[in-house]
Amino acid sequence: FFFFFQTNTESLKVNEKDSHTMTMVYECPEEHHYDGDGGGSGRVAVSPNKANKFNRKGIRKRVSDYLLRTNIDVMLIGFILACYHARAVYAESTTGGTTAEEEAWGHDSDTATEENHALEEAHKEVNAILFPWFAEIVGVFVYYVLSRYAHAVPYTAAMFIIGAFIGISVHHLRDNAITTSAATWVEIEGEVILLVFLPGLLYLDSYNIDIHLFFASFWQLLTFAFPMVLAGTTLTALVAYKIFPYDWSFDLCMTFGSILAATDPVAVAVLLNELGAPPRLKMHVSGESLLNDGSAVVFYNIFSARFLYELGISGVGENVDWAEGFKKFFQLSFGGACIGIAFGAGLLIILHRLDHRLSGEDSVVQVVATITTAYLVFYISEIQSGCSGIIAVVFCGVTVKTFGETLYNDSHLSHHFWEITEYLLNTLLFTLGGCVWGDIVSKPNVTGSRVEDARFLFGASDWGYLFLLFFLIIVIRFFLVFAFYPITSRIGIGSNWREAVFMSYGGLRGAVGIALALSLHAKVYHLTSESERSDMLFRGDTAKLFGMVGGIALLTLVINAPTCGPLLRKLGLVTPTETRKKVVENYHQHMIQFVLKEYVALLTEERFSNVDFSVVKEHTCLGGITYEQLMRAVQRHKDKSPSDLYIEPNLNNVLPYLCPVGDKVTVDDGTEDDPLKSSIPTSREAEMMKKRRSSVINIRKSRGNRATVFDLRARINEDVVNEERVVFIKILRSAYHRLIDHGEIEQRGFIVHSLFRSLEFASDAANLGLPLSDWNALLVAFDSFTRPAEHLMFKLFDMKRRLKNKEFNVDFDHDFALVQQRVRLILSFVNAHKWARQVFKEEFSKAGQYDLTVAEKVVMDESDGQVAMADKALLELAEEDVAIVKSHYVCHILLNKGAYYYKKLKKHGLVTEREAGEKLEEIEDEIYHVLKCRKLVHADELNPATKNQRLSLCPTNMATTPLHDDVGEETFKHSIHSSEGEQ
């Protein structure tokens, strides 16, 4: 299609001057010719008899030329074909393709009906794949909204509510693909629900636990897990049995109590980590949840078996008496623990044998072994052995954590994988739970409820009992925690009444309880039928049970979870505010010294010689540094640098702002600090705009020649040079990654896209034997459709910061944005080539030899040529614009250095997630202001004459080079913009 479109538009010709190299070039009007040295493309003469044709079709020619340069032609054709294909498929599906097939093969009506039913079932099974991934993509948007605008709302609660809306819509949108897929998941088998969700959710919790505190507080946790869970199960069952008007059997009430006995610490654990709660409290919350999940499931298995026995179906359930109950309890608990320890030991052997620490493949296989073991141990224990799968997974994870933490080749890979798994499973589980809950609370009451006068299966009175149950659940929790407090405060690692209050209030219900209630409801649904009145009553009972469990989970997540933070502070369980503020402030001062050291290192580079300190101090944390601090940083830089490699930093643009020379020397520009007057363009601004427009014209004219990038016919028989050239391109790729790691370029965005895209073009050309041409390839990549797309996305998703800063009428300066991107692109390109040349000479040339081979010399010369073209492109831009962009570029680098410092503190646990998050958010906002800043003169900026005057008063060993007044004092306008709106 690409060549077909080229032929039809007659925009490409083949230059056959060279019989060995056939190069495709653009045939353009004479006024649009490239001048021969702009990226390696030569002039192409236009024959006189074609002049009139170009005049007639100039507009079409420019449009087709743009399409070819940006690849939109290929995308457009593909989009049209995709739409045409989709239209054909839709027409076939609506015209009844099955009937045509039946007529062709002569099937009778009965066979056709059976086949239609089979096709419907197959279509339903295919649709089942939609719901989980729809839930995950919705979860992405929900996370974005909550993390930016509503930190206090728990993510799982939001997904449960969204699932509830989907469940409610099942009755109204039956032909919708999403509700059809959700209905398939609602009818899933109960055991499958447990097998899919619980192993993945529990293994990470058991592995993340603090082993030392876990064993130290083991008897406390055991008290929380078994006696307290049994007492809570009984009290909750009595509430359901004595207060609820549903006429539930006592076994169903005990099953209901065991489900609500399982606590979920996810939201509370995140809060405790953010606020820096005491380790003992975190261990009590997470350890109790870990063990009482297992004990709750043990009691659930016992009482659910008794309840299912009431269905009267042969082989379903079991009439467990007291003796059998105790036997089953020990079988489930101790049997599951033994199986978990055995599987944990086997996993330790596997991890030990996969000991190639430098092999990334071994690390991946280790992660595969952990997730496989987690699901296998649950299946073997729960299904094959009749023991508790949850306890088996917990003890397997604890065993691996105790003895195998150091056996992981890449512990970060394993941890991140399990975090992703937990996120996916939690999202799907709470969405599915909300979907079933919404379906239940909105389902009409036919014969599935023992309360006949209710309009809905979950009627108004049920909502009243739900809120009553929520209140009583909290009362029961307080009663149990303080009833066992005399014991738990004296054993293990102890406790206090403040922690007991928080544990009572923070006992949320979540993943395990929802999974168990889903499993019971699905199991009863599949074992019963709609034709029997008694079966419908059992369905109604389990539906109401799940409605209560889902409602309690939602209420605890929506009410208890957001209020746990204020309660934690009120009880004084977080680090005292004043003490913590001093610690955080101390870290902030160390971060400033770290950034100052990096700033001094940047000043040793020639490319940053004209960076003005007024820009740096306005946009970074270095605004308050003193002359003495700067000198200490310079001395530390000198002490740590080898004497033969030491380069003295250029402080000419820093010392005038910091030297103690008495009163500030300023130049009066005759203007007042008035926002209205400052908005009027000055003569200097007008001159700058004129130069900037000239720079933009040069940028648009300097588009790369795509022919030199996409030449598919050229062949050069220089094998050695080609190999060296490919190696150098690989080093360039590594250099760009190095710039990302050092914070010089962002990991995302158009600039990094253009840089790596240019290497792909250059690599293709090098494999064909062409010289190194990554600068021309970079111009082609820079001129793609990605740049305007990025500008559009920047404007669309910038609403939050605009509203926050009240910037309602801010216009996006496309000219400056284009100049800014070009300067940053050139700086990154030149710096990468500089580093790649050094590495190529030192490490990839012949070892022990200082002389370059002919092939290496060719590659180095080609690199010099590319850098020379980049430098020439930089000189074509307005000098003042380049200086402004460089100054902001340095600010961007320093802000990224500060972000790196706080990330390192958070990684080592020296600051909490919330403390680090607040600082990182401040840095992110400042980076945004740096990218948006369009000031020509910053606050307290000195003109060159004043800088030279101040430099003359500084120590002579520091003031090295006088500054040249290129602009002139008469054209220098000094303005101070202090408000955020003016910025």
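Here's a quick tour of this protein's overall make-up, its charged surface patches, some salt bridges and one buried isoleucine. Keep in mind that you're looking at a predicted model. The protein runs to 983 residues, and buried ones make up 50% of them. Its secondary structure comes to 42 helices and 2 strands.

**The big picture**

- If you take the contacts with a separation of 6 or more, 81% of them are between residues 24 or more positions apart.
- The accessible surface comes to about 48,400 Å², and carbon and sulfur atoms hold 59% of that.

**Charge on the surface**

- There's a patch of positive charge on the surface, where Lys597, Arg632, Arg636, Lys640 and Lys904 gather.
- Helix H28, covering residues 627-640, gives the largest share of that positive patch, with 3 residues.
- Arg632 sits in helix H28, and with a relative accessible area of 46% this arginine is partly exposed.
- On the negative side, Glu746, Glu918, Glu921, Glu922 and Glu924 gather in a surface patch of their own.
- Glu918 belongs to helix H41, which spans residues 913-932.
- Glu918 has a relative accessible area of 47%, so it counts as partly exposed.

**Salt bridges**

- The salt bridge count comes to 13.
- One pair to look at is Glu318 with Lys328, whose closest N and O atoms are 3.9 Å apart.
- Glu318 lies in the loop between helix H16 (279-309) and helix H17 (322-353), while Lys328 is in helix H17, so this pair ties together parts that are 10 residues apart in sequence.
- The two partners also have their own burial classes: Glu318 is partly exposed at 31% relative accessibility, whereas Lys328 is buried at 18%.
- Lys401 and Glu405 also meet through their side chains in a salt bridge, at 3.2 Å from N to O.
- In that pair, Lys401 is buried with a relative accessible area of 13%, and Glu405 is partly exposed at 42%.
- Glu605 and Arg607 form another salt bridge, with an N to O distance of 2.5 Å.
- Glu605 counts as partly exposed at 22% relative accessibility, while Arg607 counts as buried at 15%.
- Those two residues don't stop at a pair: Glu605, Arg607 and Glu744 are linked in a network of salt bridges.

**A buried isoleucine**

- Ile193 is found in helix H10, residues 190-207.
- At 2% relative accessibility, Ile193 counts as buried, since the cut-off for that label is under 20%.
- Leaving out residues up to four places away in sequence, Ile193 touches Ile188, Ala515, Leu518, Ser519 and Ala522.
- Ile193 and Leu516 are 323 residues apart in sequence, yet their C-alpha atoms are 8.4 Å apart in space.

Note on methods
Residues numbered from 1 in each chain as written. Predicted model: local features only at pLDDT ≥ 70, side-chain atom pairs only at ≥ 80, totals over all residues. Heavy atoms only, no water. Patch = residues over 30% accessible without salt bridge, like charges linked within 9 Å, V, L, I, M, F, W, Y side chains within 5 Å. Areas by Shrake-Rupley, 256 points an atom, 1.4 Å probe, with all protein chains shown as cover. Salt bridge = Lys/Arg side-chain N within 4 Å of Asp/Glu carboxyl O. Lys, Arg positive; Asp, Glu negative; His and termini not counted. Charge placed at Lys NZ, Arg CZ, Asp CG, Glu CD. Helix = DSSP H or I, 4+ residues; strand = E, 2+ residues; numbered from the N terminus. Buried < 20%, exposed > 50% of the residue type's maximum accessible area, 1.4 Å probe, protein only. Contact = heavy atoms within 4.5 Å.
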